[in-house]
Amino acid sequence: MNPLLEILAGGLLGGLKSVLRLTLIVAPLLVIMEVAGHYRALDRLVGWAAPAVRFLRLPREAAMPLLVAALFGIYSGAALMADAVRQGYLRRRDIAVLSVFISICHGLPEDLLLFGAVGANPVIMLAVRVLSAAVAARLAAYRWDRSVHLR
Amino acid sequence: MRELVIPVRKGLIRAGRIIVMMAVVVVPVSGIIALLEAYLVLDYVASFFQPVLKHLGLPGETALPLSLGFFVSFYASLGAVEALFLTTREVTLVGVMVLIAHDLFAECAVCRLAGWSFWKPAFLRLAVALSCGALVNLACLMARWGG
């Protein structure tokens, strides 16, 4: 066979093997998350998220979008945020601060497991992500509140 | 027990969608990288980016998973990392940066839709990602992990 095709085929096959391995990780994870959602495990976790939300100077209503984004991904979190705005729970300031946090720190279980499967250390990735998100969001809250005071 | 059928099925369907997304991206990326590596293009790219990435403690070829992760897709970066041969420390460092700043185009569009801004998250995330990369690299140097 043409050497170029051989190399390409080898690469594609390697890719397929990778996808298969990643599937074995992603499938159980998503099933577990759906089951947890079925048992409303999230509502209990929202209570635990309260101190985090307070640290970020956000109202209680921000806990759910924050948790959903952190666990399920940015699209789910953004959907909840858009809904919160429409219903009036969160103001522009809250959305801005929450978005800073969420844009850095979202989809944790999936992302960490996937990169963990290719050889990274998930603890380090988790710690760096959460800490940097917290710092950035807290700073954003501070700057927003200060600019309001100075007006 | 029977009540679990619905969530399990929903989970499997969601997993199926993600797997298709991954397959569409990871398989071609792996093929392309195999070709780039065989035809020495990878070495050229690696030596080109080495001077910059040296400051993050990473080999030049990580320019590929990094740029793929930032500007294309998280799964593309994953495929690239799988196709390259990197140490745990290097993969962790790439992971830290890509996890903070990935799918920038798509996700910034979502941020805009949710009521924030498009460019702010882009610059913020890239800046945070690169600084965290530098900081973690420093920590690795101090803890004498790999090199």
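**Figure 1. Arg57(A), a partly exposed residue in a loop of the predicted model.** In this predicted model, Arg57(A) is partly exposed, with a relative accessible area of 44%, a value that falls between the cut-offs of 20% for buried and 50% for exposed residues. Arg57(A) sits in the loop that runs between α2 and α3 of chain A, and its phi is positive, at about 60°, although the residue is not a glycine.

**Figure 2. Arg40(A), an exposed residue in the loop between α1 and α2 of chain A****.** The loop shown here lies between α1 (3-38) and α2 of chain A and contains Arg40(A), a residue other than glycine whose phi nevertheless has a positive value, near 55°. With a relative accessible area of 56%, Arg40(A) is exposed, since the cut-off for that class is over 50%.

**Figure 3. Helix α3 of chain A and the helices that pack against its buried residues****.** Helix α3(A), which spans residues 63-72, is mostly covered, with 7 of its 10 residues buried. The buried residues are Ala63(A), Pro65(A), Leu66(A), Leu67(A), Val68(A), Ala69(A) and Ala70(A), and they pack against α2 (41-55), α4 (74-87), α5 (92-104) and α6 (108-117) of chain A. Just after the helix comes Gly73(A), which takes a positive phi of about 130°.

**Figure 4. Packing of helices α4 and α5 in chain B****.** Helix α4 (residues 74-83) and helix α5 (residues 88-100) of chain B pack at an angle of about 170°, and their axes are 11 Å apart; the two helices are therefore roughly antiparallel to each other. On the side of α4(B), the contact is made by Phe74(B), Ser77(B) and Val81(B), while α5(B) contributes Val91(B), Val94(B), Val98(B) and Leu99(B). Sorted by class, this contact has 6 nonpolar residues and 1 polar residue, with no charged residues.

**Figure 5. Chain A as the setting for the views of its helix and loops****.** The secondary structure of chain A consists of 7 helices and 0 strands. Its C-alpha atoms fill a box of roughly 70 × 40 × 30 Å along the principal axes, and the radius of gyration is 20 Å, whereas a compact globule of 151 residues would have a value near 15 Å. Buried residues account for 44% of the 151 residues in the chain, and of the contacts between residues at least 6 apart in sequence, 68% join residues at least 24 apart. The accessible surface of chain A comes to about 8000 Å², with 68% of that area belonging to carbon and sulfur atoms.

Technical notes. Residues numbered from 1 in each chain as written. Chains lettered and ligands numbered in written order. Predicted model: local features only at pLDDT ≥ 70, side-chain atom pairs only at ≥ 80, totals over all residues. Heavy atoms only, no water. Axes fitted to C-alpha atoms, helices over the stretch in contact; angles between N-to-C directions. Helix = DSSP H or I, 4+ residues; strand = E, 2+ residues; numbered from the N terminus. Parallel < 35°, antiparallel > 145°, perpendicular 65-115°, else oblique. Contact = heavy atoms within 4.5 Å. Nonpolar A, V, L, I, M, F, W, Y, C, P; charged D, E, K, R; others polar. Rg over C-alpha atoms; globule rule 2.2 N^0.38 Å. Buried < 20%, exposed > 50% of the residue type's maximum accessible area, 1.4 Å probe, protein only. Areas by Shrake-Rupley, 256 points an atom, 1.4 Å probe, with all protein chains shown as cover.
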